[in-house]
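The following exercises concern empty space and sheet architecture in a protein model. Each task is followed by a solution that proceeds step by step.

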Amino acid sequence: MCGIVGYNGKNKAVDILLDGLSKLEYRGYDSAGIAIRDKDITIFKAKGKLSNLKEKLANEKLKGTCGIGHTRWATHGEPNENNAHPHISNDGNITLVHNGIIENYQEIVEKLKRHNYKFYSETDTEVLANIIDYYYKKYKIGPIDAINRTMVRVRGSYAIAVMFKDYPDEIWVARKDSPMIIGEAKDGMYVASDVPAILKYTRNVYYIDNLEAACLKKDKVIFYDLNGDIIQKELKEIKWDLSVAEKGGYEHFMIKEINEEPDVIKKTISYYTGNDKIDFAKSNLNKEDLKNIKEIYIVACGSAYHVGVCAAYVIEDLTRIPVRVDIASEFRYRKPILNKDSLVVIISQSGETADSLAALREAKNAGVKTLGIVNVVGSSIAREADHVLYTMAGPEIAVATTKAFSTQLIVCYLLAIELAMVKEQITKKEYIELLKEINTLPTKVESILKDSTNTIQKLSSQFASIHDAFYIGRGLDYAISLEGSLKLKEVSYIHSEAYAAGELKHGTISLIEDNTLVIGIVTQEYIAEKTISNLIEVKSRGGYIVSIAPKNIDTSKASNFILTIPETSKYFYPSLTVIPLQLLAYYMTVSRGLDVDKPRNLAKSVTVE
Ligand code: BG6
């Protein structure tokens, strides 16, 4: 969604805000704006990417040491300068940036119009500025009262940073459901939607909870609850190092993060295993908890949902426990039938995706045990789930997920193996063999990157101008083809579909014509023959078949081009096949000259419904 940042301290705010926004641009890039407070508050906004705003500020001499900034992903009101943040109240008393959506903003507009407020933009955010102003003037009790009354009055999600004209050396913040962290450093106080925006300045952060507010002074921060009482918060240290939030010499974050996969897979495996054992104690998930689980629901969005589809095949096969996978935006409204001894697993890189968070709360309200598989430490899903298994992918900047996806797969494999052992569905020998094999995955991914990157780059340039592509496979190969197809769509804007190979002849094969690109994934030996004959059917109708398979499966009869991957356990092939799929999507996008890291209309984490 949008990204907000704020600074109040000793240094010039403009550089800190622009730097912070550049680290948040993956959250939205429809427009950007800042408000700097010197004697007065000066606002600058620009449509489009942050670079347009930077251009506008190039000759400005802004000395102010207090300011707020915003990068937008438009929901209410088209992407233009008028709708860009910061927004101000009618008389400029309030200046505000906002990430989230105010659901009852129209009703509040009508209320405020009855009090002679006028509106210049189409946004729900301008309403926030005016309703805070309204309460501030009506009750004359000060910022915290005006903000708390507003939090009671509005419905929706928000993280806001506010400057009151009457309080020159303060930035006020508040949140509900949208992410926000507050950073503390010797040179001042920081607020941001995500860690990368302030990691350069401090590792010491506070996590502010829902319906809480805070006042950032130049040298301290004061927290308030909804009654306006002062509350204490614990300062936490962020362990990520800054370099991961930089491109490190790569052209794009996506290709950098793909090349980080061997390392983060290794980190995630070693975080949960050692001495031939899996240990989930860090997430207080003990054997007893696992033993009593009779069924599992996996709920997520986007690529995280595809991890769930892969995990379902592995968990069911290893543990013989039924697994149902749901898209979070469906799960939260379909009144799922949840049994007491089931486990609801929410997978989310950001830990802030609104539909996944709502699905988690739905499961908790039903009294069912919940487990979050999350990458961002301290995120809402991580804090609200009964148990959390963190993935060790580090900050992921590119909008299209790659390394977080791979670490989520690893955590699901480990969950499946541990469950199967606790449920005595596998022997200790099989348990150790699977762990041994999982520890070979980082090297195997490394060899794919080393051996195939150039090949895939050349192959991709061949298909730069296609309009359609198809991904097919059976079983786990079908599951991972879903991700391959989404990855291509997300970044290259090429229309693509993923299909269970056996399903093609029931309709979609009619779309195959000469040189239609079909990616065939063939790793599951027990059904490889079937998939190969489906590929031959497609090839005979003119399809151009690129197959991804290990050496021990011969797809030559069915393929125009073969990408060979190392052999591994049938359960772990998604971790190997996804690499060529990610590289293909990346290089096809580069050869179309598109912005790989910030694909149009997308955002890294969708914190609104
Ligand atoms: C989308 C991202 O906004 O959200 C996808 O672009 C991601 O890459 C999806 O898979 C779900 O996000 P999360 O953070 O819940 O895994």
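**Exercise 1. State how many cavities of 30 Å³ or more the whole structure holds, and describe the largest cavity.**

Solution. The model is predicted. Step one is the count: the search over the whole structure returns 2 cavities of 30 Å³ or more. Step two is the volume of the largest cavity, which is about 210 Å³. Step three turns to its lining of 24 residues, among which S193, D194, V195, S350 and V376 are the closest to the centre. Step four sorts the lining of the largest cavity by class, giving 11 nonpolar, 6 polar and 7 charged residues.

**Exercise 2. Determine which residues line the second largest cavity and how they divide by class.**

Solution. The second largest cavity has a volume of about 60 Å³. Its lining consists of C2, R72, W73, T75, H76, H85, H98, G100, T123, D124 and T125. Sorted by class, the residues of this lining comprise 2 nonpolar, 7 polar and 2 charged. C2 and W73 are the nonpolar ones, whereas R72 and D124 are charged.

**Exercise 3. Identify the elements that give two or more residues to the lining of the second largest pocket.**

Solution. Begin with the volume of the second largest pocket, about 420 Å³. This pocket is lined by 21 residues, and C301, G302, S303, A603 and K604 lie nearest its centre. The elements that contribute two or more residues to the lining are α9 (302-319), β20 and α16 (476-492). By class, the lining of the second largest pocket has 8 nonpolar, 10 polar and 3 charged residues.

**Exercise 4. Strand β20 also belongs to an open sheet of 5 strands. Establish the strand order, explain which strands stand at the edges, and place helix α11 relative to the sheet.**

Solution. First, the order is β19-β18-β20-β21-β22, with parallel pairing. Second, β19 (323-327) and β22 (387-390) each have a single partner strand, so one side of each lacks a neighbour in the sheet and these two strands stand at the edges. Third, neighbouring strands of the sheet are turned by 20 degrees against each other on average, direction ignored.

Next, consider the pairing of β20 (residues 342-348) with β21 (residues 369-374): these parallel strands are joined by 6 bridges. Within this pair, V345 has L371 in β21 as its bridge partner. Finally, helix α11 (residues 354-365) packs on the sheet, where it touches β18 (295-300), β20 and β21. The direction of α11 makes about 165 degrees with that of β20.

Key:
Residues numbered from 1 in each chain as written. Predicted model: local features only at pLDDT ≥ 70, side-chain atom pairs only at ≥ 80, totals over all residues. Heavy atoms only, no water. Pairing = 2+ DSSP bridges. Helix = DSSP H or I, 4+ residues; strand = E, 2+ residues; numbered from the N terminus. Axes fitted to C-alpha atoms, helices over the stretch in contact; angles between N-to-C directions. Contact = heavy atoms within 4.5 Å. 1 Å grid on protein atoms, 1.4 Å probe; cavity = no way out; pocket = protein on both sides within 12 Å on 5 of 7 lines; lining within 4 Å. Points joined across faces, edges and corners; volume = space filled by probe spheres on them.
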